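Colleague: I should like a close look at a single part of this model. Please begin from one position and work outwards to its surroundings.

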Amino acid sequence: MSEPLKTAGNETAISTSPLRCFTGSLIAGGLALLLYRMTVAIATAFAHKPVTSDNSTVVTISAAVRTLVVGMAALGTGVFGIAGLGLLLLGIKVMFAKLRGEGIGS
């Protein structure tokens, strides 16, 4: 692995390597795929089990809760998907920078 870089303060910054970026991208992409499958499973389960009630308040609240549950799962999917894509692109950038002999900040 790469050694931590010393900064001006007491903090240490961890250097970026293509391996770290691609590993993070793989993990985030895997989580996004799992959350996507969970979102589809939740939406399918909700679609196959409609709310049977004569009370309009119950139907309204259950529709709102179902929308929130599916929306939160979809939000997690989007966040991890975008993070995985960003880490993949960062890994490609770092790899080309190292091949050219440039630093990350250049």
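**The packing around T77**

Modeller: T77 is buried, as its relative accessible area is 16%; buried means under 20%, exposed over 50% and partly exposed in between, computed with a 1.4 Å probe on protein chains only. The model is a predicted one, in which local features need pLDDT of at least 70 and side-chain atom pairs count only at pLDDT 80 or more, while totals for chains, interfaces and linings use all residues. Residues are numbered from 1 along each chain as its sequence is written, and side-chain values use heavy atoms, with hydrogens and water left out.

T77 belongs to helix 2. Helices here are DSSP runs of H or I with at least four residues, strands are runs of E with at least two, and both are numbered from the N terminus. Once neighbours within four places in sequence are set aside, T77 is in contact with A32, L35, Y36 and T39, where contact means heavy atoms within 4.5 Å. Of these partners, A32, L35 and T39 are themselves among the buried residues of helix 1. The C-alpha atoms of T77 and L33 are separated by 7.3 Å, although the two residues are 44 apart along the chain.

L33 also lies in helix 1. With a relative accessibility of 45%, L33 counts as partly exposed. Its C-alpha atom is 8.0 Å from that of G81, a residue 48 places away in sequence.

A second position in helix 1 is A28. This residue is buried, with a relative accessible area of 7%. Leaving aside neighbours within four places in sequence, A28 is in contact with F80, A83 and G84. The C-alpha atoms of A28 and F80 are 5.3 Å apart in space, across 52 residues of sequence. G84, for its part, is one of the buried residues of helix 2.

A further pair joins the two helices. I92 lies in helix 2 and counts as partly exposed at 31% relative accessibility. I92 and P18 are 74 residues apart in sequence, yet 7.0 Å apart from C-alpha to C-alpha. P18 is listed with the buried residues of helix 1.

These pairs can now be placed in the wider geometry. Two packed helices are described by the angle between their axes and the distance between the axes. The axes of helix 1 (residues 18-48) and helix 2 (residues 56-100) come within 7 Å and cross at roughly 160 degrees. Helix 1 is therefore roughly antiparallel to helix 2. Axes are lines fitted to C-alpha atoms, for helices over the stretch in contact, and angles run from 0 to 180 degrees between N-to-C directions; under 35 degrees counts as roughly parallel, over 145 as roughly antiparallel, 65 to 115 as roughly perpendicular, and the rest as oblique.

By class, the contact of helix 1 with helix 2 has 24 nonpolar, 8 polar and 2 charged residues. In this scheme Ala, Val, Leu, Ile, Met, Phe, Trp, Tyr, Cys and Pro count as nonpolar, Asp, Glu, Lys and Arg as charged, and the others, Gly among them, as polar.

The buried residues of helix 1 also include C21 and S25, and what covers this buried set includes helix 2. In helix 2, the buried set includes S62, A73, G76, G91, V94 and A97, and its cover includes helix 1.

The lengths of both helices agree with expectation. At 1.5 Å a residue, the 31 residues of helix 1 should span 45 Å, and its end C-alpha atoms are 45 Å apart. For the 45 residues of helix 2 the expected span is 66 Å, and its end C-alpha atoms are 65 Å apart. The expected span is 1.5 Å times one less than the number of residues.

As for the whole protein chain, its elements run β-β-α-α from the N terminus on. Buried residues make up 16% of its 106 residues. Among contacts between residues at least 6 apart in sequence, 64% join residues at least 24 apart.
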